[in-house]
Amino acid sequence: MQGSTMTIIGCATSSAETVLEAGSSSGCCRDNSSVALGMAAVRVTAVAIIKVTVGGFLNSLRPSSVIDNVKDLIGRSLYLEIVSSELDAKTGQEKQPIRSYARKVAGGVADVVTYEADFDVPAGFGAVGAVLVTNEHHREIFLEGVNLSSPGANGPLLAIRCNSWVQPKSGGAPGSRVFFANKPYLPSQTPPGLQSYRKKDLEQKRGNGSGQRKATDRIYDYDSYNDLGDPDNDADKARPVLGGSKQFPYPRRCRTGRPATTKDPRTETRGGKNYVPRDEAFSDVKTLQFSVTTLRSALHAAIQARKSTLIDRDLAFPSFFVVDKLFEDGIKLPRANQPGFLRGVVPRLLQSLHDRPSDHVFLFDTPANVQRDKFAWLRDEEFARETLAGVNTRSSLSEFPLKSKLDPAVYGPAESAITADLLEGQMGHVMTVAKAVKHKRLFMLDYHDLFLPYVHKIRALEHTTMYGSRTIFFLCDDGTLRLLAIELTRPASPSQPQWRRVFTPSTDTTESWLWQMAKSHVRAHDSGHHELITHWLRTHCAVEPYIIAANRQLSEMHPVYRLLHPHFRYTMKINAVARSSLINAGGIVEFCWPLQKYSTELSSMAYDQLWRFDMEALPADLIRRGMAEEDPEAEHGLKLTIQDYPFTNDGLLIWDAIKGWVQAYVARFYPDACSVAGDAELQAFWTEVRTVGHGDKKDAEWWPSLDTPESLAYTLTTIIWVASAHHAAVDFGQYDFSGYFPNRPSTAHTNMPVEEPVDAGALAAFLDNPDQALRECFPSQVQATLMMSLMALLSTHSPDEEYLGGLDTAPWIDDDAVQAAYRKFTARLKEIEGIIDGRNMDRKLKNRCGAGIVPYQLMKPFSQAGVTGKGIPNSTSI
C-alpha cells in the first residue's frame, strides 16, 4: 500500500539445528547478523506487518486496491526469497533462493495488516546473506525490516534493516529488490553467493544515463545546474548553466532528464516537482511538518504582501513601530476558500493549502535576540559579536595595508582608503597598526573583491544597490571585538570614476546615522554571503555529489556506505525544493537578496575562487582564515587567535568527537593502507566525487588521496562535519538572528546619501529624516516578511529529526566494537552539551554570556522539535 510501512518479523514454527556464523576474515566484523542453517532442514515462518498511513488510506480508495485485496485473499501479494551467502559445492554456482508467497493474516489492529510466509530451507543451505522482495501489490510499500528466527532462539537471529520503498511489479519495477543482512563487507570479502547481487544492485542504482526520471525511480546520476532558468516563459528568467564550463564551475546535482527548453537547448524545462530517488524523499512526518511550517510561514509573508501590494510591492515600513507589530499583533488569516493571492506572492512555495485552519490569528514568534535585547541591533558591540557567535562567523585575520587583487584598470585603484592613521585613532592610540598586525589584533570581514565585479550589474536592476565592502575589527584585551571602520566601494565604470569612503563610529549626529546605514549595507552583504555561499554552496550544493557517488559506487553492504548513509538523509530532497522555489529564476532568494538574478552566478564565482575540499574541515578552515595555527601541544592541536570564539570553541569539541568515532569505525574495517587502497568500491566512489560530482575541480592538486586509514578517516570526518555540525551552525540560528530583519537585512535598497556625485534630493531627505532614510534602505515590507518566514522555516527542527549520536541512528551493524565506539561517541556528545551550558554561564566569556546576549547553543547536539536555536541533525535536512 502506498504510503504504508511494512515490517517483517520472523518466528520459527519447527525445530532445526541453527547456528550463528562465528568468524570473519580480516577487516570484517564478527556479529550476529548472518544465520548459517545447519545439516538438518528447517522451516521458518516470516511475519510481515504493514502499517497503513494516511497515504495508504487514501490509496485504498483507488480502483487498484480491489485487485490488491483479491491478491491478498489468495496469498499472492508479497513474494519473499531467502538468499544463501554460499555457492553450491557441486556446481560452483549460486544456490537457488528459497521462495515463498506471504499470505494475509487477520489482525485486530485497525492500522496494521499482517502477512506470513513459510520457508522450507534444505539442509546445508548455509548463511543467509540477503532477502529478495517482490511487491505484487499495485502500490508501493515501505519496507522497514526483515527478521528471521529459529527454534529455541531468544529473539531474531537475522535482522535486516531495510527502510526503503519497494515499487510494485505491475509498475515496471526491475524485478525483486535485494536487502542485505546487516553484516558489512568490503568488496573483496563479499561472500561468493552475494557477489552478483551486490553488483546488480549498484548497476540498477546507476541507471543508463538516459530517459526522464520518474518519482518512483531509484536511480542516481549527475547533471549540471541547468534547470534554474525558465526562458520559455519569460526571457528575463534565462539563467546561465552552472557546472561544466570554465566560466561557471559548479558541483553537480541529481539528473532529472527533462527535455530542453525551446529558446535555450542548454537549459532544462521546469515543471512539477524536481526528481529525487524515491528513498531520498521526505517521510510522512517530515512532509507534514514541512507543509504545515511552510504554509504558516508563507501565510505570514503573504498577508503582509497582500496589504503592501495594494499600494507598492517595494513599500518600506512606515515606522519601527509597524515592524514591532509583526510580533505583537495577530494577523487574521483569510478563509480557506480565498487562497488565490497566496500563489501569486509565493509561487510554488505553498505545497499544501488544504487541511489548514481558517480564521485563525498568527503571530511571528519573537526572535531570541529581540526577546533579550530589543535594541541590540543598533550597537556596534553586537555587530562585532555576531561575527564570532552568529550564523556567519567568517571574519579573518587582517593584513595591512589592504589591497584589492582585482584589475585596477577595470575597477579603479587597488589600495584601500583605510589608513594606518585612521585605524590607530579608532584604537585610541593604544598601539600602532604594525603592532596590532604582528600581535594578531586586527580582523576583517571582507566582501570587497567578491562583490565588486557585480556592483554595476546589480545597480542596473530596480530597487537594489551594491558596494564592495571591508569591515575592520580590533581584538580587545577582554576577548571581544571592537568595530573600527567600514569601507564601501563603488568600482569605476565608463561614465564614473571609482568612489570609496571610510565610515567610522562618531558622536556627530550626521556621521552617526551614516555609520548606521553603512552597517546596514555590510549586514546585507553578510546576509547574502551567508545564504548563497556559507549555507547553500558549502552545506547543501557541495554535499549532493557525495550522496550521488556513494549510492552509485558503494554497495549498501559496504561499511563506508553504512557510516555515511545517516548523514545524507533528506539532503537531495531539500536541494530539489531549493531548485524549485528558492534559488531558481524569480525565486525567493532572487526576490529577497541584493544580487537578484546574479545570485547563483555569484555562488559559482565563490565555488571557483574559494571552495576546496581540504579546507572544509574545521581545523583547516580556521588555519586558512588566520583564526588558528597548528600547535601539537595545544588543545585540539590548534592555538586559537581569539580565545573566546564560540563557533570555534564548541565546534572543535564536536569535530574531535566525530573524528574519534570515525577513526574507531575505520580501524575496525581497514587495518592497514593496503586495505584502503585495494578497496575498489571506495576508490571508485572517491574518484567519481572528484572527477564527476566536483568535476570542474578534478585537476586540483589539493584533493586528498584515500590511501591510508588516516586519510580515509579524515576525509569521512570532513564530510560528516559539513553535513551535520557545520550545517547546523549556519542554519538553525537564522530566525534568532534574522527574524528581526533590521539586525540582518537581506538587502539594501538605497545608496549612501553621500555617494558622489551626490544626489542633492536624497541627501536633503536623509538630513531631514535619517530614521526614514534608514528604513527605506531596509528590505521592503514584502521582502522582509517573506524573508522572515523563510528564516522561520529553515530554522525549524522536524519532529522526526535524527540527531548526531542519537540512539535512533546507531549503526546497522551488530558488532560489539562498533557499537561500543558509537556509545562512547554518544556519551561524549552528551558531555559536550554540559560543557556548552557551562560556557554560556561563564561571565568571563563575553561573546556568549552577558546582559541581553543570546547564549551560543548552535553546537548543542540535541534538541526538541521547532525553532530552538540548537541541535545538530545528522544531515543537511532542511
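A cavity, in these exercises, is a set of grid points where a 1.4 Å probe fits but cannot get out, and a lining residue has an atom within 4 Å of such a point. The model in question is a predicted one.

**Exercise 1.** Determine which helices each supply at least two residues of the lining of the largest cavity, and describe that lining by class.

*Solution.* Begin with the cavities as a set: the structure holds eleven of 30 Å³ or more, and in the largest cavity there is about 200 Å³ of space. This largest cavity is lined by 16 residues, of which E531, H535, A578, L582 and L794 are the closest to its centre. Turning to the elements, at least two lining residues come from each of helix 13 (509-541), helix 16 (571-582) and helix 27 (781-794), and helix 13 gives the most, with five residues. Sorted by class, the lining has 13 nonpolar residues, two polar ones and one charged one.

**Exercise 2.** Work out how the residues of the lining of the second largest pocket divide by class, and which helix gives the most to this lining.

*Solution.* The pocket has a volume of about 1,200 Å³, and among its 35 lining residues the closest to its centre are S396, K405, M444, D446 and L610. Strand 16 (396-397), strand 17 (442-447), helix 13, helix 18 (599-610) and helix 19 (618-624) each supply at least two residues of the lining, with helix 13 giving the most, namely five residues. The division by class is 15 nonpolar, eight polar and twelve charged.

**Exercise 3.** Check the length of helix 3 (residues 195-206) against the expected span, and locate its buried residues around the axis.

*Solution.* At 1.5 Å a residue, the twelve residues of helix 3 should span 16 Å, and the end C-alpha atoms lie 17 Å apart, which agrees. The next step is to list the buried residues of helix 3, which are Y197, R198, D201, L202 and K205. Because these residues cover an arc of only 130 degrees around the axis, they are on the same side of helix 3. The general rule behind such a pattern is that an α-helix has 3.6 residues a turn, so residues three or four places apart point the same way.

**Exercise 4.** Establish whether the two faces of strand 11 (residues 177-180) are covered or uncovered, and find the bridge partner of A130 in this strand.

*Solution.* Take one side of strand 11 at a time: R177 and F179 on one side are buried, as are V178 and F180 on the other, and both faces are therefore covered. Strand 11 pairs with strand 8 (residues 126-135) in the antiparallel sense over four bridges, and the partner of A130 in strand 11 is F180.

Methods: Residues numbered from 1 in each chain as written. Predicted model: local features only at pLDDT ≥ 70, side-chain atom pairs only at ≥ 80, totals over all residues. Heavy atoms only, no water. Buried < 20%, exposed > 50% of the residue type's maximum accessible area, 1.4 Å probe, protein only. Pairing = 2+ DSSP bridges. 1 Å grid on protein atoms, 1.4 Å probe; cavity = no way out; pocket = protein on both sides within 12 Å on 5 of 7 lines; lining within 4 Å. Points joined across faces, edges and corners; volume = space filled by probe spheres on them. Nonpolar A, V, L, I, M, F, W, Y, C, P; charged D, E, K, R; others polar. Expected span 1.5 Å × (residues − 1). Arc of directions from axis to C-beta.
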